[in-house]
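I opened this notebook to record what I looked up in one structure. The entries follow the order in which I consulted it.

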Amino acid sequence: MAASEGGPIRVGVVEDHPLYRYAVANVLSEAPGIELGPVAESVADFAAAHEPAGCVVVLDLKLRGVTDSQAVQEIVRLGHNVLVVSAHAGQEEVLGAISAGARGYLSKDADGDDIVRAVREIAAGNSYVSPTLASYLLDSTRPRAGVKSVLSDRERQVLSLVAAGERDADIAEAMSISVRTVRSYLDRIRDKTGRRRRPELTRLAIEEGMA
């Protein structure tokens with residue numbers, strides 16, 4: 001939980017744009033029942049604050065140093081719940097962040113009330129994705145019959161390694177094949193499943209129990 005029972009919700013902010021960082025911190029500090037924690041411009045700076053596990057962290061994706069899905073993973077690894085608030089809100093970014101462990105996602109078009117609402121939902125153990133972005137998740141989870149049965153053993157192995165976050169070169173080394181062969185397998189997986197981007201393939205592996 002992000003807050004002890006009956007206590008305030010502890011919330012941190014990781015955002016490298018000074019004005020937006022100040023604005024979000026100000027909104028949170030003035031919201032009833034919310035206690036502002038570390039406010040940082042990078043994942044490294046946030047980690048250096050040694051915030052006890054369990055707070056909600058409002059996280060931008062495009063940061064200096066650790067960035068994108070890796071930034072989400074690092075904050076989750078520290079034991080916190082992540083709410084991504086990013087100007088980059090395409091399908092790839094949303095699915096990548098959710099697959100990396102984010103509990104919520106808002107675009108920077110969201111107003112202060114939206115951010116506070118999302119923080120409260122996540123602190124209560126729920127997830128929150130703005131309605132305009134929810135269609136990405138619905139599209140990505142739409143069932144496709146017989147996915148496991150149409151993939152070969154090697155294709156399933158490649159897919160599981162993709163879901164583990166391995167790069168093409170790492171997959172090639174792990175399977176003792178060439179990078180070109182890995183990419184050939186990936187092309188076949190995409191053709192068979194209809195999922196093109198890596199976050200979509202990661203979600204597919206999770207859905208099918210291959211991750």
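The entries below concern pockets, cavities, the nonpolar core and aromatic rings.

**Entry 1: the model.** I note at the outset that this is a predicted model.

**Entry 2: the largest pocket.** I began with open space at the protein surface. The largest pocket has a volume of about 510 Å³. I counted 22 residues in its lining, and those nearest the pocket centre are Ser 69, Gly 96, Arg 198, Pro 199 and Thr 202. I then sorted the lining by class and found 9 nonpolar, 6 polar and 7 charged residues.

**Entry 3: the elements around the pocket.** I next asked which helices supply at least two residues of this lining. They are helix 3 (68–77), helix 4 (91–100), helix 8 (153–163) and helix 11 (198–207). Helix 4 provides the largest share of the pocket lining, 6 residues.

**Entry 4: helix 4.** I therefore examined this helix on its own. Val 94, Leu 95, Gly 96, Ala 97, Ile 98 and Ala 100 are buried in helix 4. Gly 96 thus appears twice in my notes, as a buried residue of helix 4 and as one of the residues nearest the centre of the largest pocket. Directly after helix 4 I found Gly 101, with a positive phi near 120 degrees.

**Entry 5: the nonpolar core.** I turned to the largest nonpolar core, which has 23 residues. Within this core, Leu 59, Val 72, Val 84 and Tyr 105 have the most contacts. At least two core residues come from each of helix 2 (43–48), strand 3, helix 3, strand 4 (81–86) and helix 4. Helix 4 gives the most to the core, with 4 residues.

**Entry 6: enclosed space.** How many cavities of 30 Å³ or more are there? I recorded 1 cavity of that size. The largest cavity holds about 30 Å³ of space. Its lining consists of Val 13, Val 14, Glu 15, Tyr 20, Val 58, Leu 59, Asp 60 and Val 85. Strand 1 (9–14) and strand 3 (56–59) are the elements that give two or more residues to this lining. By class, I found 6 nonpolar and 2 charged residues in the cavity lining, and no polar ones. Leu 59 lines the cavity and is also among the core residues with the most contacts.

**Entry 7: aromatic rings.** I looked for pairs of aromatic rings and obtained a count of 0. Tyr 20, which I had noted in the cavity lining, does have a charged neighbour: Lys 108 lies over the face of its ring, at 4.6 Å from the ring centre.

Terms used: Residues are numbered from 1 along each chain as its sequence is written. This is a predicted model: local features need pLDDT of at least 70, side-chain atom pairs count only at pLDDT 80 or more; totals for chains, interfaces and linings use all residues. Side-chain values use heavy atoms; hydrogens and water are left out. Rings of Phe, Tyr and Trp (its six-membered ring) pair if their centres lie within 6.5 Å; planes under 30 degrees apart count as stacked, over 60 as edge-to-face and the rest as tilted. A charge sits over a ring if NZ of Lys or CZ of Arg is within 6 Å of the ring centre and within 35 degrees of the ring normal. On a 1 Å grid over the protein atoms alone, a cavity is a set of points where a 1.4 Å probe fits but cannot get out, and a pocket is an open set with protein on both sides within 12 Å along at least five of seven lines; lining residues have an atom within 4 Å of a point. Grid points are joined across faces, edges and corners, and a volume is the space filled by probe spheres set on the points. Ala, Val, Leu, Ile, Met, Phe, Trp, Tyr, Cys and Pro count as nonpolar, Asp, Glu, Lys and Arg as charged, and the others, Gly among them, as polar. Buried means under 20% relative accessible area, exposed over 50%, partly exposed in between (1.4 Å probe, protein chains only). A nonpolar core is a set of buried Ala, Val, Leu, Ile, Met, Phe, Trp, Tyr and Cys residues joined through side-chain atoms within 4.5 Å.
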